Amino acid sequence: MREKELRLALVCYGGISLAIYMHGITKEVWKLLRASAARRRDAAPGNDSEAAYAALLDAIGDTVDLRVVVDIVAGASAGGINGILLADAIAGGRDMEPLRELWLAGADIDALLDKGGAAGRFTKWWATPLVWYARRQGLGMADAVVDPAARGEVRAKLSRFMRSRWFRPPFSGVSFSTMLYDALQTMAAMGGGTPLIPAGLPLDLFVTVTDFHGRPERLALHSPGEIVETEHRLVIGFRSPAGAGPRAIADPAELAFAARATASFPGAFPPADVAEIDAVVAARGRTWPGRDAFLRRIFPRHAAPAAAPLIDGSVLNNRPFGPAIEALRHRPAHREVDRRFVYIDPMPGRHGQTGDSPPGFFTTILRALADIPREQPIRDNLEAIAAMTATIRRLRGVIEAMTPEVDAAVEAAIGMRFFMLPLNPTRLGAWRSRAQTAAARASGFAYAAYGALKLAQVSDSVAARIAALAGDPAAGPAIAAYIDEQRLSAAAASARGGAYSAFVDFLRRFDLEFRIRRLRFLLRRINLLAAALGDDERPAIDALKAGTYRLLAPYAALRRRVPDDPAYAGAARDPLAALLALERGLDLKALDAATDAALVEMLALDVASPLRRALLRAWLGFPFYDVVLLPLLHGEGLDEFDEIKVDRISPDDAVAIRAGGHEATLKGTQFNSFGAFFSRAYRENDYLWGRLHAADRLIDIVASTVPAGTLAPGATATIKRQAFHAIIDAERPYLTAVPNLLASLAREIGP
């Protein structure tokens, strides 16, 4: 049976109190991942909607053995908090069920208000006109509330909120940080289960933050030669590296700091800073290992990182597609991949003023400063994704067109010995070198351009890496200048004896990315060939895949870290010593020899001769492909060669139960999206709809991985009803403030 991965890159928008709605969505994503992981272990699915997802995957399983994973999460503001909690649960195998009370009980106006600024009996008089006005205007407090019983609660809390202090943030940053830190510690204390991501796949998490004071960025111009501008955009990134076993993505203090900073809504919360998290950690009697290293990583140019004030990430980047798109460049491909970008937009469409009348004075200011920057469409992001997809489609066509000629060129370079002589590591290494030289010669003048691009790529990478290892920005230009002084040239590589040129020797010592691209290419060829093989040959294919990933692992590890060496500290003064230290740390020549030996052992397994020859041609022929593909990628690698589709989860798209979008379903949209903070009934409503809307859309997304007509007529609708009823039954004991909603939904869903 054909194996396939549905890979989701999740992008979570900001939404203030709609964070509760988005928690329902991310919890449902977690349920889907748990169902998929249980199916891979031949285990029974978990409770509520997991059984419905298992039924869907089983129905698809008659055609495709589908695994669902989330390997990239990016979020801003409220979406950033939910992205952090989801990523922690995925990487650490943690339970998200305890988070229900974090949102239903903790996200309340009374819990969030700073106790030092609460209303007193002498503050009521000035707020009375505001409360009266709010009541006269309705503002969602009459028939639009979830339940009539919530009206008194909303009015009382709105009154307390309006009588809280003015001209200072009404919400407590310390209380918010404590709530986030305690939630993450609770998840960690429950112990880690099996991670919900394959061992060979990393998980990347990004949250956007706005650096209030900014940091200086030097920009090179023609005239003047250099200028300094202030950069306020900041992305805090985390990675759970590939590997078996528990893979906690970061310390709870780091995650709590990122969550607090990304959701530091201007005016509502005070700006976040590290000192606040330090105080919370100390108050809980805990420590923060790796604190200084974390601060150096996210604040590389701040003189006092612990005091840097940070505000809401959605101020400058409410739709963080950029970091997620960038992370695609180094995604390993375990098998055939259906890559999706799934973005969560709790209130799609235009949220500002409508109509033909001109805006007023304050409306113009508010829209210009806040609303319009946050609501810009994602056309640029979609165009970037479409461009990547078009590039991937072209590259796959180029590879397919080149394959017959490359296979012939490899056989011509190696001769009849390619088929007749037994394979051993020495022979494979010699053939690899011969094929490399043949590719250089056959490419003609194109090889000079390829070589120059490749040399620049490796030189820049080496210089940047040594500068980072040295902790000295001046080391980078010194290393680059030293390499340039060696007058390395690709021209000699295409001539006789070119394999021994200084250019080739430099690449053998430092070109890590070429090795990774070659192994990724071999994996793609294995996956392509596997689709045409029968079940009797699947064990051999699976062994080849597993073996190739083992070969790839040490190269990928070198991307992240090489051994420390004292020579790096003096890189600016002695570039040669630093280069020799990096060569020792990488030790690529020894690693290449070990890879050749392991590959020979892999191909000695019970692999059919045509398959063995096809894989050998791919391995030896990769230099021919790389000469063409690397310039097309502008010198950048691309590990994942799969087209990208974009899906959205929003109230407007999930219509299986009720149409009408957020206006017909959500309550947190009221009071400029602060509504759910005023009522537990509001929060229960939005949390439940988040789960239901996510189930609706996730089932559609999973079903779209197979051709139309694969599933039996009506199967998707039946599975959706099963999931909806399971969610309502599972949540009924906890959602005590919305009994009428539960009853209404049961009727709307039907039997």
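**Charges over rings**

I looked up Trp-288 in this predicted model and found that Arg-291 lies over its face, at 6.0 Å from the ring centre. I then turned to Trp-619, where Arg-518 lies over the face of the ring, at 4.4 Å from the centre.

**Aromatic pairs**

I searched the whole structure for aromatic pairs and noted 17 of them. One of these is formed by Phe-171 and Phe-269, for which I wrote down 5.2 Å from centre to centre and 55 degrees between the planes, a tilted arrangement. I checked where the two partners sit in the chain: Phe-171 is in the loop between helix H7 (151-162) and helix H8 (173-189), while Phe-269 is in the loop between helix H9 (252-262) and helix H10 (274-283), so that the pair links distant parts of the chain, 98 residues apart. I also looked up accessibility for this pair, and both Phe-171 and Phe-269 are buried.

I next took Phe-514 and Phe-622, whose ring centres are 5.3 Å apart; their planes stand at 55 degrees, and because stacked pairs need planes under 30 degrees apart and edge-to-face pairs over 60, I entered this pair as tilted. Here too distant parts of the chain are linked, since Phe-514 belongs to helix H20 (residues 512-530) and Phe-622 to helix H24 (residues 609-632), with their positions 108 residues apart. Both Phe-514 and Phe-622 are buried as well.

Going back to Phe-171 and Phe-269, I asked which aromatic cluster holds them, and I found one that also takes in Phe-176, Phe-265, Phe-674 and Phe-677.

**Thr-210**

I located Thr-210 in strand S3 (residues 203-220). Is Thr-210 buried or exposed? Its relative accessibility is 5%, and because the limit for buried is under 20%, I recorded Thr-210 as buried. Leaving aside residues up to four places away in sequence, I listed what Thr-210 touches: His-232, and further along the chain Pro-309, Leu-310, Ile-311, Asp-312, Gly-313, Val-315 and Leu-316.

**Confidence**

I closed with the pLDDT values, which average 81 over the chain, with 81% of the residues scoring at least 70. Among the elements, I noted the lowest mean pLDDT, 46, for helix H6 (residues 124-137), and the highest, 96, for helix H28 (residues 715-731). I then marked residues 121-133, where pLDDT stays under 50 and the model has 12 contacts beyond four places in sequence. I marked residues 135-146 too, with pLDDT below 50 and 26 contacts in the model beyond near neighbours in sequence.

Methods:
Residues are numbered from 1 along each chain as its sequence is written. This is a predicted model: local features need pLDDT of at least 70, side-chain atom pairs count only at pLDDT 80 or more; totals for chains, interfaces and linings use all residues. Side-chain values use heavy atoms; hydrogens and water are left out. pLDDT is the predictor's confidence in each residue, from 0 to 100. Helices (H or I, at least four residues) and strands (E, at least two) are DSSP runs, numbered from the N terminus. Contact means heavy atoms within 4.5 Å. Rings of Phe, Tyr and Trp (its six-membered ring) pair if their centres lie within 6.5 Å; planes under 30 degrees apart count as stacked, over 60 as edge-to-face and the rest as tilted. Buried means under 20% relative accessible area, exposed over 50%, partly exposed in between (1.4 Å probe, protein chains only). A charge sits over a ring if NZ of Lys or CZ of Arg is within 6 Å of the ring centre and within 35 degrees of the ring normal.
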